[in-house]
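Please look through the structure below, chain by chain, before turning to where the chains meet.

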Amino acid sequence: MNILWLIMICVSIVFAIFTGNLEAFTKSIFDGAKAAVEISLYLLGIVSVWMGITKILEDSGLIYRIAHLFKPLISRLFKNIPGDHPSITAITLNVLANLFGLGNAATPLGIKAMQELETLNEDKGVITPEMMTFIVINTASIQLIPFSVIGILASYGHGNPAAVVFPVLLATAISTMTALLVLAAFRKIFR
Amino acid sequence: MIEHVEYISLLIIPLFILFTVLYGTFKKVRVYDSFVAGAKEGPAIILNIFPYLLTIFVAIKGFQASGAFDYVRNAFYSVFAFLEIPIEAVSMAIVKPLSGSASTALFTDIVKTTGVESMATHMSAIIMGSAETTFYVLAVYLGSVSIKKTRYLVPVCLVSDFIGIVVAVAVVRWFF
């Protein structure tokens, strides 16, 4: 991440100088800061709501029951999660929210999953294999129906906006599989 | 079929919340107090995420505004010219991992300028639906638990994004 960030910043500034976009570049830094504040405020609301809901799940013990239920499924991908750990529930709920395109629930539940996975982390500050698998699944974006894309196509008069559903599903299914394979390959190399 | 999934999507969160509070009450949990106690954790989590989000957003916005983005897009376009991918779809492929709102704006623009049933629109639609805002996900999820050493995660995500776009292009060619 360090190298990537360094390259992005340096390349941007060099380009800004040569293309005469210096003013736009400087303005964009503060636009970026503003966007970060706005998104953080939005996240503050929805994350707090989901932390409240999942707290009820914890206090009532439901979180362990759900974990027990989905353990066989989740443990195929996440091998080192012990017993009926709460992280299994958070991962399951995050994947379900992603499948149904519930962005407002997927991100907070994903954060919850990361926090639960962190409780299993013995080397704080260093990412665990389980966290990597989880993030790779999330960045590959598994979704049954891309509602926003269909919405835009329909509003501009596409004859059959639903025609994109199957291709998108196929594309995400294949790319999620390959992403997990790429992760497995890197894991072998960097062991 | 789509209407059914859409209805389930609408139903799923309210039903889940209802079930959670009823089950909690059945297990003698004071659900109101529980919810408050959970919500109290929210601000600390966001405080952790905020600096990561800010750092990545500044880099992304600067990259787009400086003209470097256009250069990268044109470079990609000429390198992969033999695949005959519309330049609009190339833009989408690069924007989507960087920014969700920018990719939505770009997609609307592509639909307007190239027509709603053009190859560029279809290809962008599949990329938009099948790719994710990788940098945002990385900043939020890693930031929430203050991970500093990400090992080989970032290269894995970038390679996977690239493969995902190739897959999307292939799928579109096959369907449309």
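**Two helical chains and their contact**

Buried residues make up 47% of the 176 residues in chain B. This is a predicted model, and the values that follow are computed from it. Chain B is built from 9 helices and 0 strands, so that its pattern along the sequence reads α-α-α-α-α-α-α-α-α. Its radius of gyration is 21 Å, whereas the globule rule gives 16 Å for 176 residues; because the former is well over the latter, chain B is more spread out than a compact globule. Along the principal axes, the C-alpha trace of chain B spans about 65 × 45 × 30 Å. Among the contacts in chain B with a separation of 6 or more, 65% are between residues 24 or more positions apart.

The helix H1 of chain B can be followed in some detail. It covers residues 2–26, which is 25 residues. At 1.5 Å a residue, with the count taken as one less than the number of residues, H1(B) should span 36 Å; the C-alpha atoms at its ends are 35 Å apart, which agrees. The helix is nevertheless bent: at Ile12(B), H1(B) changes direction by about 30°. A proline, Pro14(B), follows within four residues of that bend. After H1(B) comes Lys28(B), which has a positive phi, near 60°.

Chain A has 8 helices and 0 strands, and its order along the sequence is α-α-α-α-α-α-α-α. Of its 191 residues, 45% count as buried. The C-alpha atoms of chain A fill a box of roughly 60 × 50 × 40 Å, taken along the principal axes. In chain A, residues 24 or more positions apart account for 49% of the contacts with a separation of 6 or more.

What remains is the contact between the chains. How many residues does each chain give to the contact? Chain A contributes 89 residues and chain B contributes 85 residues. On the side of chain A that touches chain B, the elements giving two or more residues are helix H1 (2–19), helix H2 (22–60), helix H5 (103–119), helix H6 (129–140), helix H7 (147–155) and helix H8 (165–189) of chain A. H2(A) supplies the largest share of this side, 26 residues. Sorted by class, the side of chain A that touches chain B holds 57 nonpolar, 27 polar and 5 charged residues.

Notes. Residues are numbered from 1 along each chain as its sequence is written. Chains are lettered from A and ligands numbered from 1 in the order in which they are written. This is a predicted model: local features need pLDDT of at least 70, side-chain atom pairs count only at pLDDT 80 or more; totals for chains, interfaces and linings use all residues. Two residues are in contact if their C-beta atoms, placed from the backbone, lie within 7 Å. Ala, Val, Leu, Ile, Met, Phe, Trp, Tyr, Cys and Pro count as nonpolar, Asp, Glu, Lys and Arg as charged, and the others, Gly among them, as polar. The bend at a residue is the angle between axes fitted to the seven residues ending there and the seven starting there. A residue is buried if 20 or more other C-beta atoms lie within 10 Å of its own, exposed if 12 or fewer, and partly exposed in between; C-beta atoms are placed from the backbone. The radius of gyration is taken over C-alpha atoms; the globule rule is 2.2 Å times the number of residues to the power 0.38.
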